[in-house]
Amino acid sequence: MSIVTGPPASAIRNQPITQELRDLLDAAALAVGVDAIFVVSGGQPAIGEGTRRTGSTRHDHGRAAD
């Protein structure tokens, strides 16, 4: 199992990612021998749900990570 950390509290997209995405990232990391994943841009509220958001809707509700 790899270590997944982030996103940082100071990021605009600072909400956690979904468990499903976390599991996918972990499986990919294990497949290629990566021990740690640092998410620098995680989830954000959907349009109309909050003001701390930017760009497209891919990151809404933690469904994408950078």
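**Exercise 1. Trace the fold and get a feel for the whole chain.**

Solution. Start at the N terminus and read off the elements: the order is β-α-β. That's 1 helix and 2 strands for the protein, and keep in mind that we're working with a predicted model. Next, put a box around the C-alpha atoms along the principal axes; you get roughly 40 × 20 × 15 Å. Now for burial: 35% of the 66 residues count as buried. The accessible surface comes to about 4100 Å², and carbon and sulfur atoms account for 58% of that. Last, take the contacts between residues at least 6 apart in sequence: 63% of them join residues at least 24 apart.

**Exercise 2. Work out how the charges are spread.**

Solution. Count first: there are 6 positive and 7 negative charges. Then average the positions for each sign and take the separation of the two means, which is 9 Å.

**Exercise 3. Find the largest nonpolar core and look at what one of its members touches.**

Solution. Here's the background: in soluble globular proteins, nonpolar side chains tend to be buried together. In this model the largest such core has 6 residues, namely Val4, Ile17, Leu21, Ala29, Ile37 and Val39. Pick Val4 and skip residues up to four places away in sequence; what's left is Arg22, Ile37 and Val39. Two of those contacts, Ile37 and Val39, are listed in the core as well.

**Exercise 4. Decide whether His59 is buried or exposed, then map its surroundings.**

Solution. First, locate the residue: His59 sits in the segment after strand 2 (36-38). Second, check the accessibility. The cut-off for buried is under 20% relative accessible area, and His59 is at 3%, so it counts as buried. Third, list the contacts beyond four places in sequence: Arg13, Ser41, Gly42, Gly43, Gln44, Ala64, Ala65 and Asp66. Fourth, look for polar pairing. The side chains of His59 and Arg13 make a polar contact at 3.3 Å. For one more distance, try Pro45: the C-alpha atoms of His59 and Pro45 are 8.2 Å apart, with their positions 14 residues apart in sequence.

Now do Ser41, one of the residues His59 touches. Ser41 is also in the segment after strand 2, and its relative accessible area is 13%, so it is buried. Beyond four places in sequence, Ser41 is in contact with Pro7, Arg13, His59, Ala64, Ala65 and Asp66. Arg13 therefore turns up on the contact lists of both His59 and Ser41, with contact meaning heavy atoms within 4.5 Å.

**Exercise 5. Which side chain makes a polar contact with that of Asp60?**

Solution. Place Asp60 first: this residue is found in the segment after strand 2. With a relative accessible area of 10%, Asp60 is buried. The side-chain partner is Arg53, at 2.9 Å. Widen the view to contacts beyond four places in sequence, and you pick up Gln44, Pro45, Ala46, Ile47 and Arg53.

**Exercise 6. Classify Ile12 and say what it touches.**

Solution. Ile12 is in the loop between strand 1 (3-5) and helix 1 (19-32). Its relative accessibility is 44%, so Ile12 counts as partly exposed. Leave out neighbours within four places and the contacts are Arg52, Arg53 and Thr54. Finally, compare chain and space: Ile12 and Gln44 are 32 residues apart along the chain, yet their C-alpha atoms are separated by 7.6 Å.

Note on methods. Residues are numbered from 1 along each chain as its sequence is written. This is a predicted model: local features need pLDDT of at least 70, side-chain atom pairs count only at pLDDT 80 or more; totals for chains, interfaces and linings use all residues. Side-chain values use heavy atoms; hydrogens and water are left out. Helices (H or I, at least four residues) and strands (E, at least two) are DSSP runs, numbered from the N terminus. Buried means under 20% relative accessible area, exposed over 50%, partly exposed in between (1.4 Å probe, protein chains only). Accessible areas come from the Shrake-Rupley method with a 1.4 Å probe; for residues, only the protein chains shown count as cover. Lys and Arg count as positive and Asp and Glu as negative; His and the chain ends are not counted. The place of a charge is taken as NZ of Lys, CZ of Arg, CG of Asp or CD of Glu. A polar contact is a pair of N or O atoms within 3.5 Å; within protein, one must be able to donate a hydrogen and the other to accept it, and residues adjacent in sequence count only if both atoms are side-chain atoms. A nonpolar core is a set of buried Ala, Val, Leu, Ile, Met, Phe, Trp, Tyr and Cys residues joined through side-chain atoms within 4.5 Å.
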